[in-house]
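Please examine the sequence and the model below. The paragraphs that follow begin at a single acidic side chain and then turn to the cysteines and to two helices.

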Amino acid sequence: MIQWKPSGNTVPRMKIPYALPFIGNEEIMEVVSSIRSNWLSRGPKTQEFEQSFAEYVESPYAVGLNSCTAGLHLAHMVLGIGAGDEVITSPYTFIATANTIVHCGAKPVFVDIDPVTMNLDPNLLEQAITPRTKAIIPVHFAGFPCEMDQIQAIARKYNLKIIEDAAHAVHTKYKNRCVGNIGDITCFSFYATKNLSTGEGGMITTADEGIADKLRMMSLHGLSKNAWNRYTEKGSWYYEVEYPGFKYNMTDIQASFGVVQLQKMGMMQALREKAASMYTEAFAKLDGLILPYDAPEHRHAWHLYVVRIDEKQLRVNRNELIELLKEAGIGTSVHFIPVTNHPYYLRQGYNPLDYPHAVKAYQAAISLPLYPGMTVEQIEYVIETFTSLLSQYRR
C-alpha cells in the first residue's frame, strides 16, 4: 500500500496550502477608503491603478477589467477576429485562452510546447499558419517568457496580431523588455493567487491609443468616451453606444486593492524568488526530476514552481505522489490539463496525441506551494518531505 511515512511524528508537522493571497492592513485600509468615498464601480481609483500599472510594465496604455478572461475576449473583438478566422495558441494553458477564441466564433489552432520551457514552440508556428490565421496567443507559462523575438518575426512576416496571455506574467521580462509592452495586446490576471491580486480582476495593456479607447468602450457596454464620466461634476446624463459592448469593467474596490499590491510588488517578488531558489538548490541533484527552466537574460515572475517527475524511476505515479504530499499536509496543483484533453475540444475533433509534449508535461507535472507568505520553515518542510518521498519510492 502506498502511504506517507513521516520521520518522527505520525501526523504532519504543518499544513501548507498550495497558494495563498498576500494581504496586509494596507490593502484593507485602501479598500475601506474607496468604500467611504462612495465610488464603488469604475472611478478615480481605477484610473490611478491603470496609470500605475502602465508605468510598471512600461506600456503607454492600460485598461482595467474584471478578469483576464474578459481581456482575452475583448482583445479578439477589438481586432475584428470572428467567424471563419483562426487563432494559434498553446494547448498547455488554462481553458480561458481557447474558450475566448471560440466565443468570438473563431477556431483555436494549437501548436505543441517546447519540452524545455513548456511555452509554445515557435519552431512549429509557421506550419500551423493558414490564410485564415489572424493572430497568435503566446502564453507565458508559470511566469517564464515565450520566445518573443521569433514569434514577432513570424507575426510580421504573415501580418498577424499578437495577443499575449500574461496571466502568469506580471513582473516577467523578456530580455530587457517588460511583458506588457511587446505584443499588440497583453492580458494580465489579478486572480486571488496571482503575483498581484485584486481578488478577481485583470488588465489589458497596449501601445495603440485607438485600441485602448475601443477597449474602454467595449468593456463598458460600448458607451461613448464622453459617457465614462457621466456621474462626475463634469459629466452629463447623455450617452451614446458606439459598439455592442460588455460589462467587463474593473471596480474602484478592486483597483484600490491593486494599487497597494503594485506598491508591494518588489517585496512580494523577492519572496517568491527566494522560495524558488531554495527549491532549485535543494532539488538540483535529485535524479528523475525536471526543474522549471530559467535563463539569465530574462526575468522569471515565478508565479508557479512546476516540477516534472520521471515515473520510470519511481514506484508511484504523479497522482499518487500528489496524494502522499496531501497526507503530509502539503497542498499542490497540476498546471495544466491540456485544452485538447477536455471533452468539449475532443468533440470538436482535436486529438491530444497531436501535442505529445503538452500531454507528457501534464502527466508528469506537480505545482509545489509558492507564495510570498511562505516561511523558511514551510519551504524547508516541503523540500524535506518531497525529497524523502522521492527517495522512499525510488525504484
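In this predicted model, the side chain of Asp165 makes a polar contact with the side chain of Thr97, at 2.7 Å. Asp165 belongs to strand S5, which spans residues 161–166, while Thr97 is one of the buried residues of helix H4. A polar atom of the Asp165 side chain also lies 3.2 Å from the backbone nitrogen of Ala167. Asp165 is itself buried, yet it has no salt bridge. The nearest side chain of opposite charge is that of Lys194, 8.1 Å away; a salt bridge would require the charged atoms to lie within 4 Å. Leaving aside residues up to four places away in sequence, Asp165 touches Cys68, Leu72, Thr93, Thr97, Ile137, Pro138, Val139, His140 and Cys187.

Two of the residues touched by Asp165, Cys68 and Cys187, are cysteines, which raises the matter of disulfides. How many disulfides does the structure hold? The number is 0. A disulfide is a covalent bond between the sulfur atoms of two cysteines. For Cys104, the closest cysteine sulfur is that of Cys187, and because the separation is 11 Å, it is too far for a bond. Cys187 is likewise in no disulfide; the nearest cysteine sulfur to it belongs to Cys68, 5.4 Å away, whereas the cut-off for a disulfide is within 2.5 Å. Cys104 has a relative accessibility of 11% and therefore counts as buried. Cys187, at 0%, counts as buried too.

Helix H4 covers residues 95–103. Its buried residues are Ala96, Thr97, Ala98, Thr100 and Ile101. The elements that cover them include helix H3, strand S2 (86–89), strand S3 (107–110), strand S4 (133–137), strand S5 and helix H10 (343–347). Strand S5 thus appears here both as part of the cover over H4 and as the strand that carries Asp165. Just after H4, Gly105 takes a positive phi of about 85°.

Helix H6, residues 209–218, offers a further example of packing. At its N-terminal end, Asp208 acts as a cap: a side-chain oxygen of Asp208 lies 2.8 Å from the backbone nitrogen of Gly210. The buried residues of H6 are Ile211, Ala212, Leu215, Arg216, Met217 and Met218. These residues pack against helix H2 (44–56), strand S1 (61–65), helix H3 (68–78), strand S8 (185–189) and strand S9 (202–206). Helix H3 therefore figures in the surroundings of both helices, since it packs against the buried residues of H6 and helps to cover those of H4, with contact taken as heavy atoms within 4.5 Å.

Technical notes: Residues are numbered from 1 along each chain as its sequence is written. This is a predicted model: local features need pLDDT of at least 70, side-chain atom pairs count only at pLDDT 80 or more; totals for chains, interfaces and linings use all residues. Side-chain values use heavy atoms; hydrogens and water are left out. Helices (H or I, at least four residues) and strands (E, at least two) are DSSP runs, numbered from the N terminus. Buried means under 20% relative accessible area, exposed over 50%, partly exposed in between (1.4 Å probe, protein chains only). Lys and Arg count as positive and Asp and Glu as negative; His and the chain ends are not counted. A polar contact is a pair of N or O atoms within 3.5 Å; within protein, one must be able to donate a hydrogen and the other to accept it, and residues adjacent in sequence count only if both atoms are side-chain atoms.
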